[in-house]
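This note is written for a colleague who is meeting the structure for the first time. It treats the surroundings of the ligand first and the pockets afterwards.

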Amino acid sequence: MRIQDAHSAADLRRIARRRLPRAVFDAVEGGAGDELTLAANRAAFDRLCIRPRAFVEVRDVDLRTRALGEAMAAPFALAPCSFARMCSSDAEPGVARAAARAGVPYVLAGGSGAPPERVAEAAAGPLWYQLYLHPDRGVTEELVDRVEAAGYRVLFLTIDTAVKPHRERDLRNGIDLPLTITPRLALAGLRRPRWARDFLLGTDGSESPLKAATAAYDNFADAVMHIKSVTLEDLAWLRERWRGPLVVKGVLDAAAVEPMLDHGVDGIVVSNHGGRNLDSAPATLDVLPEVVAAAAGRAEVLVDGGIRRGTDIVKALALGARACLVGRPYLHALAAGGERGVDRLLELLRNEVHRTMALAGLPSVDAIDAGVVRPPDRQLKEA
Ligand SMILES: Cc1cc2nc3c(=O)[nH]c(=O)nc-3n(C[C@H](O)[C@H](O)[C@H](O)COP(=O)(O)O)c2cc1C
């Protein structure tokens with residue numbers, strides 16, 4: 001299947017599955033433990049219905065919105081995902097260019113294969129940065145200064161990864177992240193020669209084969225291998241350092257909202273890390289309304305986890321999200337077709353949001369309110 005023949009994120013995932021070695025596909029796909037949370041994220045979206053409004057003029061549907069002070073062409077952005085380089089050598093600079101063309105923000109991950117400055121040079125569009133706290137504040141401080149100097153406007157602090165997560169697919173497949181070339185992976189690469197050539201040699205010539213082969217990620221070893229738990233004291237410290245909008249990512253606890261607001265947080269991402277960290281954590285869509293209620297308009301609330309369709313985005317907005325983040329789908333798109341694959345995904349998602357809004361009688365993002373979706377029990381009673 002070619003990129004142009006992909007008609008959904010699921011189609012791009014199917015292409016990715018054929019192109020990637022199994023271990024790499026699993027490293028993107030997998031969740032923690034029994035993958036209960038991974039499945040719960042999706043199930044929560046599938047349970048909700050969208051009730052279309054009647055007699056609404058939808059000739060001009062306006063997808064534009066603002067989140068965290070940024071104008072967005074559509075109410076979604078690309079989530080921070082480390083290890084994108086294992087899907088395609090286009091990786092972060094390519095994703096940044098595609099996001100800029102689509103007019104949606106890209107959150108560069110702390111475990112990016114490319115340094116933040118190089119990604120910023122590649123992108124003309126809005127760039128946000130995701131930070132893991134290093135136990136040594138000096139290291140974090142230096143990184144935050146670099147990110148600010150490179151022009152990233154919003155800082156996302158991820159708080160849900162205090163220890164290394166237990167992802168059994170990776171353990172069974174005998175790989176560890178960041179990806180290093182083990183005999184087993186080399187063997188798998190022989191069966192996926194196109195992927196292996198791209199992974200080892202790249203296409204843009206900017207990365208030396210040796211660097212790619214050893215996956216010696218800039219910032220990576222320090223920033224991700226020594227992640228520490230985040231305390232409110234850390235948050236207060238970071239708030240002093242970072243002048244732009246500050247967002248906390250990985251919140252599932254409405255009781256944490258008030259202290260975050262006290263500490264000057266501007267945004268909250270309701271996230272369980274795409275089911276990759278604490279297995280049995282609740283589905284993000286299920287806790288979103290509580291967090292939105294606790295924030296009461298004093299901070300913007302974003303959500304991620306399992307978002308694959310325009311209908312999912314409309315459901316999340318109806319439950320109070322300001323915008324959504326999309327993770328794995330753009331890694332699949334990268335694997336399926338590099339930067340052009342990401343272009344295709346963004347086009348598909350945009351068209352889906354547009355079509356959903358038109359069919360549901362929602363001419364603008366502001367029109368998407370709680371009345372658009374109904375929980376299943378009420379639907380059943382009323383049916
Ligand atoms: C391969 C991979 C790497 C990720 N790396 C990071 C990361 O470095 N920092 C972070 O905050 N979240 C990371 N995430 C989580 C995403 O930001 C996001 O929360 C999650 O993928 C959303 O769920 P979805 O993949 O179902 O869309 C990663 C996710 C994946 C799949």
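1. The model is a predicted one. The ligand has 22 residues around it, and those that come nearest are P80, S82, T158, D304 and R308. Sorted by class, this shell comprises eight nonpolar, nine polar and five charged residues.

2. Several polar contacts to the ligand deserve attention. The backbone of R328 places an N or O atom 2.9 Å from an oxygen atom of the ligand. From the side chain of H273, a polar atom lies 3.3 Å from a nitrogen atom of the ligand. The side chain of S271 has an N or O atom 3.4 Å from a ligand oxygen atom. These contacts thus include one from a backbone atom of R328, whereas H273 contributes through its side chain, as does S271. As for exposure, the ligand taken alone would expose 600 Å², of which the protein buries 98%.

3. Where does the ligand sit with respect to the pockets? The space that the ligand takes is the largest pocket. The volume of this pocket is about 770 Å³. Its lining is formed by 44 residues, and F83, Y132, R167, H273 and R276 are the closest to its centre. H273 should be noted here, since this residue also has the polar side-chain atom 3.3 Å from a ligand nitrogen atom.

4. Five elements are to be named for the lining of the largest pocket, in that they give two or more residues to it: α2 (22-29), α7 (168-173), α11 (220-225), β11 (323-326) and α16 (328-359). The element that gives the most is α11, with three residues. By class, the lining holds 23 nonpolar, 12 polar and nine charged residues.

5. The second largest pocket contains about 340 Å³ of space. It is lined by 20 residues, of which R19, R194, W195, D198 and A335 are the closest to its centre. Two or more residues of this lining come from each of α9 (193-201) and α16. The most is given by α9, with six residues. The classes in this lining are seven nonpolar, six polar and seven charged residues.

6. One element links the two descriptions. α16 is among the elements that give two or more residues to the lining of the largest pocket, and α16 also does so for the second largest pocket.

Terms used. Residues numbered from 1 in each chain as written. Predicted model: local features only at pLDDT ≥ 70, side-chain atom pairs only at ≥ 80, totals over all residues. Heavy atoms only, no water. Near = heavy atom within 4 Å. Polar contact = N/O pair within 3.5 Å; in protein donor to acceptor, adjacent residues only side chain to side chain. Areas by Shrake-Rupley, 256 points an atom, 1.4 Å probe, with all protein chains shown as cover. 1 Å grid on protein atoms, 1.4 Å probe; cavity = no way out; pocket = protein on both sides within 12 Å on 5 of 7 lines; lining within 4 Å. Sits in = over half its atoms within 2 Å of the grid points. Nonpolar A, V, L, I, M, F, W, Y, C, P; charged D, E, K, R; others polar. Points joined across faces, edges and corners; volume = space filled by probe spheres on them. Helix = DSSP H or I, 4+ residues; strand = E, 2+ residues; numbered from the N terminus.
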